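This briefing goes through one protein model by topic. Please look over the sequence and the structure before reading the points below.

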Amino acid sequence: MSDSFPSWIARVRNDPLGAAGYNRLIERAKWVERLFLSEHLSTNVGGGIGEHNAAEVPREVGGVYVAAGPSYAFEDFRHARNVTRPVIGEFALELDPNVYTNAAAMTVQVQNTSENGSNVPCLTTFSITDTTEILFFQRLLTSSLGGGNVWAAEDESFVAAIHGEPLVVGAPGLTGLQKTRGTAISELSYDYNGQVQFDSDLRSKYLLDHDSTGKHINREVAQTWANIESDSGGGAVTVLDTSARNPLTATWLGIGEVRLTNTTPWVLGAQPFITTDYARSNGGAVSDIQVACCPKPTITTTTIDVFTYKYDVGTATWDRVDTDFYVVVYAGV
Amino acid sequence: MSFVKLYQVIVDGPLGYQTVNQLSDNAEEMRTVMYVEHGSHDPSLSTVKGSNAFNYSVLGRHDLDEIPRSVGFALLFQQTLNTTNVAFSWSGVGIPSVWRAGVGGYLLPVLGLSTFWAVASASGDGSSVLLAPQVRPFHATKANGNNAGLRINTYSLASGNFDLADMSFGIALYGTP
């Protein structure tokens with residue numbers, strides 16, 4: 001690899017370290033710290049020194065689970081403080097204002113995960129009130145498939161990934177003091193021992209969201225993704241492309257129903273986001289209107305079921321449809 | 001090589017060559033593991049400086065298909081003379097702008113990705129039924145191969161039917177450089 005990482009000549013027995021050698025150790029450590037801090041935090045945000053700090057990496061990913069009752073709970077969000085239900089079909093997610101500093105630089109990925117999604121299409125939309133609140137609205141098709149286009153507000157489960165503006169990264173760590181010719185290295189906390197502390201602290205920050213092999217192990221970085229193709233003629237699906245780090249396989253279960261299987265189990269509470277592509281049956285065209293649902297009860301540690309629906313503009317009705325789609329799955333490991 | 005947590009020393013404690021080599025190796029190990037899922041292209045060594053703006057693998061930047069290459073929020077607003085327009089706040093290299101191509105129709109050019117797709121989420125106040133935006137990526141391996149970008153159509157329920165309608169939406173672009 002070609003980069004500006006300062007080189008190092010390995011010392012051997014009785015080889016003097018010298019001022020230049022010691023300074024080079026500091027330079028190498030600072031170089032790596034700059035690499036790390038380019039998209040990670042040095043300061044503490046909601047309990048996570050070393051947390052990711054790029055707009056492209058969601059600041060938090062989680063969901064609201066509506067169980068029978070109706071009762072509801074929010075799950076897995078890293079910073080969000082609470083969720084309330086002002087009216088049927090609307091949830092207000094209370095955010096930590098220390099985490100989001102600019103509402104105009106926020107965005108959201110959202111996916112309905114209602115159990116009703118296995119029978120009829122369901123929808124979730126969002127509205128960013130300010131840096132302290134996001135509203136989510138749920139709608140459910142109350143007419144049957146093939147029987148109309150009537151929608152109503154309904155309390156439904158959903159998952160969301162919330163992106164925010166990067167925060168001030170925070171102060172870099174303190175290294176040992178640089179040396180000049182003739183100055184000695186001491187054991188003091190601002191000298192060699194400070195350098196050892198710096199080395200350890202940086203590693204600790206790194207290990208918050210990464211493992212020792214370099215892989216991300218936080219929920220805010222998706223575990224896997226795939227592009228699923230519905231085969232012409234129906235009855236089967238093909239995985240056109242999938243994650244190299246954690247491949248998905250797919251099985252056709254019925255019209256508009258595909259089971260995705262993960263090779264490496266994830267932690268429950270996985271958050272899938274689905275985008276439909278071309279419909280391959282029922283006269284599919286680029287202009288098709290489709291909805292994808294992913295009922296939470298079908299999400300296990302290794303599988304996710306995806307249900308896809310198509311709107312018929314001529315008859316104003318909905319029906320199941322085999323369609324290509326993309327999916328990305330966020331989850332804990 | 002692997003990271004080894006070092007001991008602090010006490011006064012007059014010797015600092016051996018293996019210890020200082022390990023301190024050096026620790027930095028190198030951190031660099032190695034960071035490069036697994038983060039960029040390694042060093043802009044300071046690039047001979048074509050402007051090209052760094054379009055590089056997904058710039059030093060320290062997340063470089064993984066599982067992480068959006070670009071995210072943004074397309075905000076609809078009314079200009080003078082009641083003209084609808086779209087403002088776009090975004091981050092990342094992939095999507096430089098959003099073009100409104102008609103009522104409920106948007107074109108998003110995509111830069112520097114060989115294959116790509118996106119999650120788009122409708123934004124509204126709950127007063128009407130908004131479908132999830134219909135996203136169709138166009139790239140060389142697809143039927144409409146054009147390597148142009150994304151086409152997004154947005155629909156709202158009106159008079160019992162779903163019609164094209166303008167709305168704000170969030171977008172997360174995924175893909176492979």
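Cys293(A) is buried, with a relative accessibility of 0%. The neighbour in sequence, Cys294(A), is buried as well, again at 0%. The model is a predicted one, and the points below take up its cysteines, then chain A, then chain B, and last a single residue of chain B.

**Cysteines and disulfides**

- A disulfide is a covalent bond that links the sulfur atoms of two cysteines.
- Across all chains, the search of the whole structure turns up zero disulfides.
- Cys293(A) takes part in no disulfide, and the nearest cysteine sulfur, in Cys122(A), lies 4.7 Å away.
- The cut-off for a disulfide is a pair of cysteine sulfur atoms within 2.5 Å.
- Why does Cys294(A) have no bond to the closest cysteine sulfur? That sulfur belongs to Cys293(A) and is 8.7 Å from the sulfur of Cys294(A), which is too far for a bond.

**Chain A: elements and overall form**

- Chain A contains two helices and 18 strands.
- Its radius of gyration is 25 Å, while the globule rule gives 20 Å for 333 residues; the value is well over the rule, so chain A is more spread out than a compact globule.
- Along the principal axes, the box filled by the C-alpha atoms of chain A is roughly 90 × 45 × 30 Å.

**Chain A: burial, contacts, surface and charge**

- Buried residues account for 57% of the 333 residues in chain A.
- Of the contacts in chain A between residues at least 6 apart in sequence, 60% are between residues at least 24 apart.
- Chain A has an accessible surface of about 12,400 Å², and carbon and sulfur atoms supply 53% of that area.
- Chain A carries 23 positive and 38 negative charges, and the mean positions of these two sets are 11 Å apart.

**Chain B: elements and overall form**

- In chain B there are one helix and ten strands.
- Read from the N terminus, the order of elements in chain B is α-β-β-β-β-β-β-β-β-β-β.
- Is chain B spread out or compact when set against the globule rule? The rule gives 16 Å for 177 residues and the radius of gyration of chain B is 24 Å, well over that value, so chain B is more spread out than a compact globule.
- The C-alpha atoms of chain B occupy a box of roughly 85 × 35 × 35 Å along the principal axes.

**Chain B: burial, contacts, surface and charge**

- Of the 177 residues in chain B, 53% are buried.
- Among contacts in chain B with a separation of 6 or more, 51% involve residues 24 or more positions apart.
- The accessible surface of chain B is about 7,500 Å², with 55% of it on carbon and sulfur atoms.
- Chain B has 9 positive and 12 negative charges, whose mean positions are 10 Å apart.

**One residue of chain B: Ala120(B)**

- Ala120(B) sits in strand 5 of chain B, which covers residues 115-123.
- Ala120(B) has a relative accessible area of 9% and therefore counts as buried.
- Which residues does Ala120(B) touch, leaving aside those up to four places away in sequence? They are Pro133(B), Val135(B), Ile152(B), Gly170(B) and Ile171(B).
- From C-alpha to C-alpha, Ala120(B) and Asp25(B) are 44 Å apart in space, and they are 95 residues apart in sequence.

Conventions: Residues are numbered from 1 along each chain as its sequence is written. Chains are lettered from A and ligands numbered from 1 in the order in which they are written. This is a predicted model: local features need pLDDT of at least 70, side-chain atom pairs count only at pLDDT 80 or more; totals for chains, interfaces and linings use all residues. Side-chain values use heavy atoms; hydrogens and water are left out. Buried means under 20% relative accessible area, exposed over 50%, partly exposed in between (1.4 Å probe, protein chains only). Helices (H or I, at least four residues) and strands (E, at least two) are DSSP runs, numbered from the N terminus. The radius of gyration is taken over C-alpha atoms; the globule rule is 2.2 Å times the number of residues to the power 0.38. Contact means heavy atoms within 4.5 Å. Accessible areas come from the Shrake-Rupley method with a 1.4 Å probe; for residues, only the protein chains shown count as cover. Lys and Arg count as positive and Asp and Glu as negative; His and the chain ends are not counted. The place of a charge is taken as NZ of Lys, CZ of Arg, CG of Asp or CD of Glu.
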